[in-house]
Amino acid sequence: MYETILVPTDGSPQSKEAADHAIEIARQFGSTVHALSVLDDRSTGRMSQSINELSHDAPERQEMERRREEAGAELTDEITGRAREVGLDAEGVVRSGDPAEVITDYAAEAGMDLIVMGARGRSAVGKFLLGDVAGKVARHATTPVMLVRPDE
């Protein structure tokens, strides 16, 4: 029923809990798990002016982007590693853009059968943003979406 399951992650406890659910569902169906980390480029408008003024090819900006990509890869590696430990196929993907758009686009492009994601993010602002992202994904995705609510 679910050959491929997408798990967007931001490293929050809620996204880790969502990954637990996704891996368990994948284990039951023998699914492939796709872990996706989105480097949110919406925040660039909120960065300090001095950072925004850096040329795209400036070494400092390149270093910032490299670190962001490494952090995203670490998040996806954690999930794919856990999936592989229980015998599942898994892929990790890091993309940049608006999180809700990237998640729904990736799910459609890759033919995902299910999206499993946390309903909230890591901080007060993150909770609002991921709640917003989760809501947008739930409303706009053509793929079924399972939202994992945090234990409170």
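The following legends describe close-up views of a predicted model.

Residue numbers start from 1 along each chain as its sequence is written. In this predicted model, local features need pLDDT of at least 70, side-chain atom pairs count only at pLDDT 80 or more, and totals for chains, interfaces and linings use all residues; side-chain values use heavy atoms, with hydrogens and water left out.

**View 1. The whole chain holds five helices and five strands.**
Helices (H or I, at least four residues) and strands (E, at least two) are DSSP runs, numbered from the N terminus. The sequence order of these elements is β-α-β-α-α-β-α-β-α-β. The chain has 152 residues, and 43% of them are buried. Buried means under 20% relative accessible area, exposed means over 50%, and partly exposed lies in between (1.4 Å probe, protein chains only). About 8,300 Å² is exposed by the chain, with carbon and sulfur atoms supplying 48% of it. Accessible areas come from the Shrake-Rupley method with a 1.4 Å probe; for residues, only the protein chains shown count as cover. Among contacts with a separation of 6 or more, 75% join residues 24 or more positions apart. Contact means heavy atoms within 4.5 Å.

**View 2. Five strands build an open sheet with parallel pairing.**
The strand order is β3-β2-β1-β4-β5. β3 (90-97) and β5 (145-148) are the edge strands, each pairing on one side only. On average, neighbouring strands are turned by 25° against each other, direction ignored. Axes are lines fitted to C-alpha atoms, for helices over the stretch in contact; angles run from 0 to 180 degrees between N-to-C directions. Two strands pair if DSSP finds at least two bridges between them. β2 and β3 are parallel and share eight bridges. Val-38 has Arg-95 in β3 as its bridge partner.

**View 3. Strand β4 pairs with β1 and with β5.**
Two bridges join β1 and β4 in the parallel sense. Ile-5 has Leu-114 in β4 as its bridge partner. β4 and β5 also run parallel, over four bridges. Here Gly-118 stands opposite Val-148 in β5. Five of the five β4 residues are buried. On one face these are Leu-114, Val-116 and Gly-118; on the other, Ile-115 and Met-117. In a regular strand, side chains alternate between the two faces of the sheet.

**View 4. The largest nonpolar core contains 18 residues.**
A nonpolar core is a set of buried Ala, Val, Leu, Ile, Met, Phe, Trp, Tyr and Cys residues joined through side-chain atoms within 4.5 Å. Ile-5, Val-7, Val-33 and Val-116 touch the most other members. β1, α1, β2 (32-40), α3 (59-85) and β4 (114-118) each give two or more residues. Helix α1 gives the most, with six. A second, separate core has 16 residues, including Leu-36, Val-93, Met-112 and Val-137. Leaving aside neighbours within four places in sequence, Val-33 is in contact with Ile-5, Val-7, Ala-26, Ile-79, Ala-83, Leu-88, Asp-89, Ala-90 and Glu-91.

**View 5. Helix α1 carries Ala-19 and Ala-22.**
Ala-19 is buried, at 0% relative accessible area. Beyond its neighbours within four places in sequence, Ala-19 is in contact with Val-7, Ile-79 and Arg-82. The C-alpha atoms of Ala-19 and Val-116 are 7.3 Å apart, with their positions 97 residues apart along the chain. Ala-22 is also buried, at 0% relative accessibility. Neighbours within four places aside, Ala-22 is in contact with Ile-5, Val-7 and Val-116. Ala-22 and Ile-115, 93 residues apart along the chain, have C-alpha atoms separated by 8.4 Å.

**View 6. Thr-4 sits in strand β1.**
Thr-4 is buried, with a relative accessible area of 15%. Setting aside neighbours within four places in sequence, its contacts include Ser-31, Thr-32 and His-34. Gly-111, Met-112, Asp-113 and Leu-114 are also in contact with Thr-4.

**View 7. Tyr-2 and Phe-29 form an aromatic pair.**
Rings of Phe, Tyr and Trp (its six-membered ring) pair if their centres lie within 6.5 Å; planes under 30 degrees apart count as stacked, over 60 as edge-to-face and the rest as tilted. By this rule the count is one aromatic pair. The Tyr-2 and Phe-29 rings are edge-to-face, 5.3 Å centre to centre, with 85° between the planes. The pair links distant parts of the chain, 27 residues apart: Tyr-2 lies in the segment before β1 (4-9), and Phe-29 in helix α1 (residues 13-29). Phe-29 is partly exposed, with a relative accessible area of 39%.
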